[in-house]
Number of protein chains: 2
Amino acid sequence: MSGSPIRVMIADDHEALAASLLAVLDQEDDMVGVGVAGTIAQARAMVGSSAPDVLLLDHRMPDGDGVAAIPELLRQRPGLRIAVLTASPGDHLLVEAIEAGACGFVSKTRSLGEVTAAVRAAASGEAVISPELLARLLPRLHGGGPAQKQLTEREREVLDLVAEGLSNAAIAERLVVSVHTVRNHIANLSAKLGAHSKLEALAIAVRQGLLPGR
Amino acid sequence: MSGSPIRVMIADDHEALAASLLAVLDQEDDMVGVGVAGTIAQARAMVGSSAPDVLLLDHRMPDGDGVAAIPELLRQRPGLRIAVLTASPGDHLLVEAIEAGACGFVSKTRSLGEVTAAVRAAASGEAVISPELLARLLPRLHGGGPAQKQLTEREREVLDLVAEGLSNAAIAERLVVSVHTVRNHIANLSAKLGAHSKLEALAIAVRQGLLPGR
DNA sequence: CACTGTCTGGTACCTATCTACTAGGCGCGG
DNA sequence: CCGCGCCTAGTAGATAGGTACCAGACAGTG
């Protein structure tokens, strides 16, 4: 830690805020801000050119899901430590990001001190999960496995279309399957989400932050 | 501008980011950061005690809708200039905030320079709307008036309950009215939103950022 | 006062959706 | 090869929701 400073990069679509945070981190003796990216595409480019040690990555970006980009960013720069910046993380997001290779989470609602501490921890190879988030993750771990049923690819696809407000028939048309199939998928994903209807499933999905956009 | 510095306060539930932004603004020669609030309750208290000239207010706060709190904040401190910080503003949010007394909008996705410029403009009594947002507001203005139908109090209440995934019957029970009434409210608000079903109304509401939470 | 908008309650009809259960095809891992 | 999970498709009955009307109570306004 007394050697070269930690090279920190931030990817967040709220550029004014991200730039501010980076400026503040840059003033720490052991850190240097190497850049802000407002899109995933920018982040990809900058990970290559700016050689960051730690990347704070927002999970929601204009051009896609930040979590989904994690594997590629890691492939591009092995050894990079990625911590996901998040406002109100859906339960499954935590698991997904960890599986994708993130080393932790930093909640945007925590204090500056916690963020700088998280950056140092990430740089030194530790996992970073704020207590608040850890509390939500733990039940799933000692639940004996996948306590939280997770949706299949197709079910997620259907859920996305539900979120667009489409009827079962419309969804069937989009996916080129019968309404019966759609009905089954919805019944299944509803059960997994603990919902009793399409509407309730959507409400739950929204609350859990499962959906892109917005 | 050469007199006393502009006293700037930020209310945003992302405290780490808000604190960073404030720290950066504080370094401007003509500004001084006087505080960060993470909730509306805190903001109320601090507006009284810290005497800010300009308040950057997030529209989404843990304890309620920031826009809804604007009138009270202004009553508490007349002359306060409030600019709404926003990530992806729903169309109607723009109108509501202006009507509530905000002097403008600052999109979180813009650069730091634009934010500091916005603060100065707000302090000097000018309106602050970034071009990107203005472009969305204009059509409603020269639309001849309320081109965007706005929901009544009761309709919004119903919409919130819809967002919880409740059935019409459950909503009726909550509001202590008949199912028929709920059905009518939903028909009306759906028409206003351009939706053809409860589900679609919810989808639209989510996309427009009409709903609290999340 | 008359007009308007909102909230309320209602009727009638029709469609969409939910529930429950069945079942074939397909790919993957033991 | 067999079992398992997923995607697919179907049937049938019950319920919720949407459409299209109408109408009274009540508050605010010209």
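## The surface near DNA strand C

In this predicted model, 16 residues lie around DNA strand C, and those that come nearest are Lys198(A), Arg154(B), Ser178(B), His180(B) and Asn184(B). A residue is near a strand if one of its heavy atoms lies within 4 Å of it. By class, this surface has one nonpolar, 11 polar and four charged residues. Here Ala, Val, Leu, Ile, Met, Phe, Trp, Tyr, Cys and Pro count as nonpolar, Asp, Glu, Lys and Arg as charged, and the others, Gly among them, as polar. Helix 9 (179-193) of chain A and helix 9 (179-193) of chain B each supply at least two residues of the surface. The largest share, five residues, comes from helix 9 of chain B. Helices are DSSP runs (H or I, at least four residues), numbered from the N terminus.

Of the atoms of DNA strand C within 4 Å of the protein, 61% belong to sugar or phosphate and the rest to bases. Phosphate oxygens of this strand lie 2.8 Å from a side-chain N or O atom of Thr152(B) and 2.8 Å from a side-chain N or O atom of Thr181(B). In chain A, a polar backbone atom of Asn168(A) is 3.3 Å from a phosphate oxygen of DNA strand C.

## The surface near DNA strand D

DNA strand D is surrounded by 17 residues, the closest being Arg154(A), Ser178(A), Asn184(A), His185(A) and Lys198(B). They divide into two nonpolar, 11 polar and four charged residues. Of the strand's atoms within 4 Å of the protein, 53% belong to sugar or phosphate and the rest to bases.

A polar backbone atom of Ser178(A) is 2.7 Å from a phosphate oxygen of DNA strand D, and a backbone N or O atom of Asn168(B) is 3.2 Å from a phosphate oxygen of this strand. Arg183(B) reaches a base: one of its polar side-chain atoms lies 3.0 Å from a base oxygen. Two or more residues of the surface come from each of helix 9 of chain A, helix 8 (168-175) of chain B and helix 9 of chain B. Helix 9 of chain A gives the largest share, five residues.

## The contact between the chains

Chain A and chain B each bring 36 residues to their contact (heavy atoms within 4.5 Å). The area buried between them is about 3000 Å², of which carbon and sulfur atoms give 64%. Buried area is the accessible area (1.4 Å probe) that two parts lose on being put together, summed over both. Zero salt bridges are found across the interface, a salt bridge being a side-chain nitrogen of Lys or Arg within 4 Å of a carboxyl oxygen of Asp or Glu. Six residue pairs are in polar contact, both residues at pLDDT 80 or more. A polar contact is a pair of N or O atoms within 3.5 Å; within protein, one must be able to donate a hydrogen and the other to accept it, and residues adjacent in sequence count only if both atoms are side-chain atoms.

On the side of chain A that touches chain B, helix 1 (15-26), helix 5 (112-123) and helix 10 (198-208) of chain A each supply at least two residues. Helix 1 gives the most, with eight residues.

## Symmetry

A rotation of 180° with 0.0 Å of shift along its axis superposes chain A on chain B (RMSD 0.5 Å), which is the relation of a two-fold axis. The superposition is by least squares on the C-alpha atoms of residues with pLDDT of at least 70 in both copies. In chain A, the C-alpha of Ser20(A) is nearest the axis, 2.5 Å from it. Because 100% of the interface residues of chain A are also interface residues in chain B, the copies meet through the same surface.

## Conventions

Residues are numbered from 1 along each chain as its sequence is written, and chains are lettered from A and ligands numbered from 1 in the order in which they are written. Local features need pLDDT of at least 70, side-chain atom pairs count only at pLDDT 80 or more, and totals for chains, interfaces and linings use all residues, while side-chain values use heavy atoms, with hydrogens and water left out.
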